[in-house]
Amino acid sequence: PGILVLGDVYHTGWRACIDQAPAKLYRVNGLTRGVFVPEGQHTVTFSYFPMSFTIGLVAAGISALVCLVLFLWRGKKSSDLA
């Protein structure tokens with residue numbers, strides 16, 4: 001067993017999996033990220049999906065919906081005048 005330490009910066013958006021099973025990610029030396037790996041040969045994968053990305057997607061979706069409603073409402077209003 002050991003700890004796999006990557007040299008890039010730890011952030012809460014990172015997720016780790018060992019052999020496709022979720023694993024706890026740790027802050028190592030106050031800056032980098034690492035994960036405890038059991039003895040033997042394993043596949044460790046990291047993925048990055050920060051909460052700010054989810055918030056941005058929701059905000060963009062709401063904005064697009066508001067624009068669509070305003071566009072349709074304006075189109076209907078101008079056709080009523082003609």
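This talk walks through one predicted model, from its sheet to its core and then to its loops.

Good morning, colleagues. Let me begin with the sheet. Three strands form an open sheet in the order β1-β5-β4, and their pairing is antiparallel. At the edges stand β1, residues 2–9, and β4, residues 25–28, each of which pairs on one side only. From one strand to the next, the twist averages 35°. As general background, the strands of a sheet pair through backbone hydrogen bonds, in either a parallel or an antiparallel manner.

Let us take the two pairings in turn. Between β1 and β5 there are six bridges, in the antiparallel sense. Within this pairing, Ile3 stands opposite Phe36 of β5. On the other side, four bridges join β4 to β5, which covers residues 32–37, and these two strands also run antiparallel. Here Leu25 has Val35 in β5 as its bridge partner, while Tyr26 is partnered by Gly34 in β5. The strands β4 and β5 form a hairpin with three residues between them, and in that turn Asn29 has a positive phi of about 55°.

How many of the six residues of β5 are buried? Five of them are, and the strand is therefore described as mostly covered.

I turn now to the core. The largest nonpolar core has seven residues, namely Tyr10, Trp14, Ala16, Ile18, Leu25, Val35 and Val37. Two elements, β2 and β5, give two or more residues to this core. The one that gives the most is β2, with three residues. Leu25 and Val35, which we met as bridge partners, are both members of this core. Tyr10 is another member. Leaving aside neighbours within four places in sequence, Tyr10 is in contact with Leu25, Tyr26, Arg27, Leu31, Thr32 and Arg33.

Next, the loops. Gly13 is found in the loop between β1 and β2, the latter spanning residues 14–18. Is Gly13 buried or exposed? Its relative accessible area is 3%, so Gly13 counts as buried. Which residues does Gly13 touch, not counting those up to four places away in sequence? They are Ser47, Tyr48, Phe49 and Pro50. In addition, Gly13 and Met51 are 38 residues apart in sequence, yet their C-alpha atoms are 6.7 Å apart in space.

The loop between β2 and β3, where β3 is residues 21–23, holds Asp19. Gln20 lies in the loop between β2 and β3 as well. For context, most residues other than glycine have a negative phi. Asp19, however, has a positive phi near 50°, and Gln20 has a positive phi of about 70° although it is not a glycine. As for accessibility, Asp19 is partly exposed, because its relative accessible area is 41%. Gln20 is exposed, because its relative accessible area is 78%.

Finally, a word on the cysteines. Cys17 has a relative accessible area of 23% and is therefore partly exposed. Cys67, at 53% relative accessibility, counts as exposed. How many disulfides does the model contain? The count comes to zero, where a disulfide requires a pair of cysteine sulfur atoms within 2.5 Å.

To close, I would draw your attention once more to β5. This strand pairs with β1 over six bridges and is joined to β4 by four bridges, and β5 is also among the elements that give two or more residues to the largest nonpolar core. Thank you for your attention.

Notes:
Residues are numbered from 1 along each chain as its sequence is written. This is a predicted model: local features need pLDDT of at least 70, side-chain atom pairs count only at pLDDT 80 or more; totals for chains, interfaces and linings use all residues. Side-chain values use heavy atoms; hydrogens and water are left out. Two strands pair if DSSP finds at least two bridges between them. Axes are lines fitted to C-alpha atoms, for helices over the stretch in contact, and angles run from 0 to 180 degrees between N-to-C directions. Buried means under 20% relative accessible area, exposed over 50%, partly exposed in between (1.4 Å probe, protein chains only). Contact means heavy atoms within 4.5 Å. A nonpolar core is a set of buried Ala, Val, Leu, Ile, Met, Phe, Trp, Tyr and Cys residues joined through side-chain atoms within 4.5 Å.
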